[in-house]
Number of protein chains: 2
Amino acid sequence: MESKQTSRRATTVIKAALRDLRIQLALLNHQVGGKLALKDIDLDCLDVLAKHGPMTPSALARQVGLHPATLTGILDRLERGGWITRDRDPADRRSVSIRVLPDRNVEVYRLYRGMNRAMDEICADYTAAELELIAGFLQRSADAGRTSAGKLGQDS
Amino acid sequence: MESKQTSRRATTVIKAALRDLRIQLALLNHQVGGKLALKDIDLDCLDVLAKHGPMTPSALARQVGLHPATLTGILDRLERGGWITRDRDPADRRSVSIRVLPDRNVEVYRLYRGMNRAMDEICADYTAAELELIAGFLQRSADAGRTSAGKLGQDS
DNA sequence: CCATATATTACGATTCCCATATTATATGAC
DNA sequence: GTCATATAATATGGGAATCGTAATATATGG
């Protein structure tokens with residue numbers, strides 16, 4: 001029974017690969033942002049908004065771990081660039097709903113096209129069952145990241 | 001033969017999970033940095049240095065997609081905080097070697113401990129063969145990210 | 001030895017981030 | 001209904017970060 005040791009080794013490799021992946025995706029994000037005159041955090045916000053749908057500045061600030069006042073500046077920048085709109089909620093006129101505008105987002109998509117195709121090629125080498133296994137692993141990892149980040153963000 | 005369609009669906013899920021994972025890892029990084037009075041990019045630099053070993057400012061600037069002058073400010077900050085040292089290369093006295101100091105890096109490790117354990121738990125649910133499959137996928141994805149980012153960074 | 005190239009850093013202008021204060025609106029007690 | 005309090009977002013100002021350009025130090029080739 002040496003698969004125990006194999007598992008341990010593979011787990012170590014996975015963690016290292018995950019660290020590398022984080023860096024590479026962050027760098028890719030940075031390069032994409034550079035082409036669009038956007039800061040890294042701007043694209044993060046757009047990504048969260050795209051995934052989550054319209055949300056308020058406070059909620060978004062919590063999601064990305066920033067001070068609300070900081071987000072005001074970011075939203076000003078995104079609004080000026082035509083990336084988002086800010087609409088007051090009629091039900092609670094203190095509240096604002098941030099919505100992503102579709103037009104400019106095709107530019108982001110185009111810049112990510114290279115990575116998108118590379119991922120298609122990688123995935124083509126796996127069976128459907130394997131892909132589902134990987135998908136599950138990635139979702140669980142993302143959730144683990146969410147939980148860990150949440151705990152750290154709690155105090156302060 | 002409907003596994004074709006299953007594959008297509010799983011690939012889409014993988015891409016979405018990867019986007020989510022990127023955001024969560026970026027946020028985790030941000031929270032860790034907050035505890036240590038470090039900027040996001042500072043931890044990125046430390047990570048690259050830890051992985052790659054000692055390197056010059058120019059090389060590191062290329063790795064993280066920053067202007068060399070920007071890196072000077074980052075290195076000043078890291079040096080002031082006792083995270084790194086800068087040593088002149090005796091062979092080429094224009095060149096500088098950046099080295100990570102081990103002492104403070106245990107603090108980073110401690111802050112990542114929660115995520116580390118969560119990953120152990122996740123990995124415990126897979127066989128050795130499955131873990132190796134996942135490890136390979138992650139490495140290939142990281143490489144794809146590196147290639148894509150490199151292409152975007154080329155022009156400009 | 002000199003001209004050119006390279007590695008890093010200094011400097012200055014612009015922009016960003018965030019703590020605090022401010023404005024507008026909602027909610028609950030009475 | 002009125003007032004006190006709480007909440008959402010933003011304005012403001014100070015300190016810090018980023019980056020283009022210039023400066024400094026060193027290397028290399030003729």
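**Close-up views of a predicted protein–DNA model**

**View 1. Surroundings of DNA strand C in the predicted model.** Of the 22 residues around DNA strand C, those that come nearest are H67(A), T70(A), P57(B), S58(B) and R94(B). Of the atoms of this strand that come within 4 Å of the protein, 70% belong to sugar and phosphate. The surface near DNA strand C receives at least two residues from each of α4 of chain A, α3 (57-64) of chain B and α4 of chain B, and the largest share, four residues, comes from α4(A). Sorted by class, this surface has nine nonpolar, six polar and seven charged residues.

**View 2. Polar contacts to DNA strand C.** On the side of chain A, an N or O atom in the side chain of T70(A) is 2.8 Å from a phosphate oxygen of DNA strand C, and an N or O atom in the side chain of R77(A) is 3.0 Å from a phosphate oxygen of that strand. From chain B, a polar side-chain atom of R94(B) lies 2.9 Å from a base oxygen of DNA strand C.

**View 3. Surroundings of DNA strand D and its polar contacts.** Among the 22 residues around DNA strand D, P57(A), S58(A), R94(A), H67(B) and T70(B) come nearest. Sugar and phosphate make up 72% of the atoms of DNA strand D that come within 4 Å of the protein. Helix α4(B) gives the most to the surface near this strand, with four residues, and by class that surface has nine nonpolar, six polar and seven charged residues. A base oxygen of DNA strand D lies 2.8 Å from a polar side-chain atom of R94(A), whereas two backbone contacts involve phosphate oxygens of the strand, one at 3.1 Å from a backbone N or O atom of V96(A) and one at 3.0 Å from a polar backbone atom of R93(B).

**View 4. D47(A) and its contacts with chain B.** D47(A), which is found in helix α2 (residues 40-52) of chain A, counts as buried because its relative accessible area of 13% falls under the 20% cut-off. Leaving aside residues up to four places away in sequence, D47(A) touches R19(B), R22(B) and I23(B).

**View 5. Helix α2 of chain B.** The 13 residues of helix α2 (residues 40-52) of chain B should span 18 Å at 1.5 Å a residue, and the end C-alpha atoms are 18 Å apart, so the two values agree. Buried residues in α2(B) include D42(B), D44(B), D47(B) and L49(B). The helix is followed by G53(B), whose phi is positive, near 85°.

Key:
Residues numbered from 1 in each chain as written. Chains lettered and ligands numbered in written order. Predicted model: local features only at pLDDT ≥ 70, side-chain atom pairs only at ≥ 80, totals over all residues. Heavy atoms only, no water. Buried < 20%, exposed > 50% of the residue type's maximum accessible area, 1.4 Å probe, protein only. Contact = heavy atoms within 4.5 Å. Near = heavy atom within 4 Å. Polar contact = N/O pair within 3.5 Å; in protein donor to acceptor, adjacent residues only side chain to side chain. Nonpolar A, V, L, I, M, F, W, Y, C, P; charged D, E, K, R; others polar. Expected span 1.5 Å × (residues − 1).
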